[in-house]
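Hi,

Here is the structure I promised to pass on. Have a look at it first, and my notes follow underneath.

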Amino acid sequence: MASDGGRRRSYITSGADSNNGGGVMSRVSSAISESPFFNKGGEAACEAAHSAKKLLQSTGRAAWIAGTTFLILVVPLIIEMDREQQLNELELQQASLLGTPPVGVGSAPN
């Protein structure tokens, strides 16, 4: 060190080169993250997320329309059909109590 003239040499390296494993990994990861392929993949993922959000919103609207249409049109029909069925069962029960054969059942006496 006497030949250096009293100056100390500094062997400070950059952060990427200070650790061989970390330096290589950081260079590789920065190269990957700056690549056009990686950027296009990120843009595609962003567009896919946006499309999925729009799809979910439109699906929710369609589900709301289908549900309210079902409640307004189909449920009253089901209730009316149930009332008709109960009325038919009541008529059959009354007919069997009175002893007359129910309509639609044709049994010939022997």
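First, a word on confidence, since this is a predicted model. The mean pLDDT over the chain is 76, and 69% of the residues reach at least 70. The stretch to watch is residues 9-21, where the pLDDT is below 50. In the model that stretch makes six contacts beyond near neighbours in sequence. Where pLDDT is low, the predicted coordinates shouldn't be read in detail.

Now the overall picture. The chain has two helices and zero strands. Of its 110 residues, just 2% count as buried. The accessible surface adds up to about 10000 Å², with carbon and sulfur atoms accounting for 64% of that.

Helix 2, which spans residues 36-98, is where Val74 sits. Val74 is part of a nonpolar surface patch, together with Phe70, Leu71, Ile72, Leu73 and Ile78. Taken together, the six have about 590 Å² of accessible area. Is Val74 itself buried or exposed? Neither, as it turns out: its relative accessibility is 30%, so Val74 counts as partly exposed.

On to charges. Side chains of opposite charge can pair when their charged atoms come close. How many salt bridges does a search of the whole structure find? The search turns up one. The partners are Arg83 and Glu80, whose side chains meet at 4.0 Å, N to O. Both residues belong to helix 2 and are three residues apart, about one turn of the helix. Arg83 has a relative accessibility of 53%, so this residue counts as exposed. Glu80, at 43% relative accessible area, is partly exposed.

That's what I have for now. Shout if you'd like to go through any of it together.

Cheers

Terms used: Residues numbered from 1 in each chain as written. Predicted model: local features only at pLDDT ≥ 70, side-chain atom pairs only at ≥ 80, totals over all residues. Heavy atoms only, no water. Patch = residues over 30% accessible without salt bridge, like charges linked within 9 Å, V, L, I, M, F, W, Y side chains within 5 Å. Areas by Shrake-Rupley, 256 points an atom, 1.4 Å probe, with all protein chains shown as cover. Helix = DSSP H or I, 4+ residues; strand = E, 2+ residues; numbered from the N terminus. Buried < 20%, exposed > 50% of the residue type's maximum accessible area, 1.4 Å probe, protein only. pLDDT = per-residue confidence, 0-100. Contact = heavy atoms within 4.5 Å.
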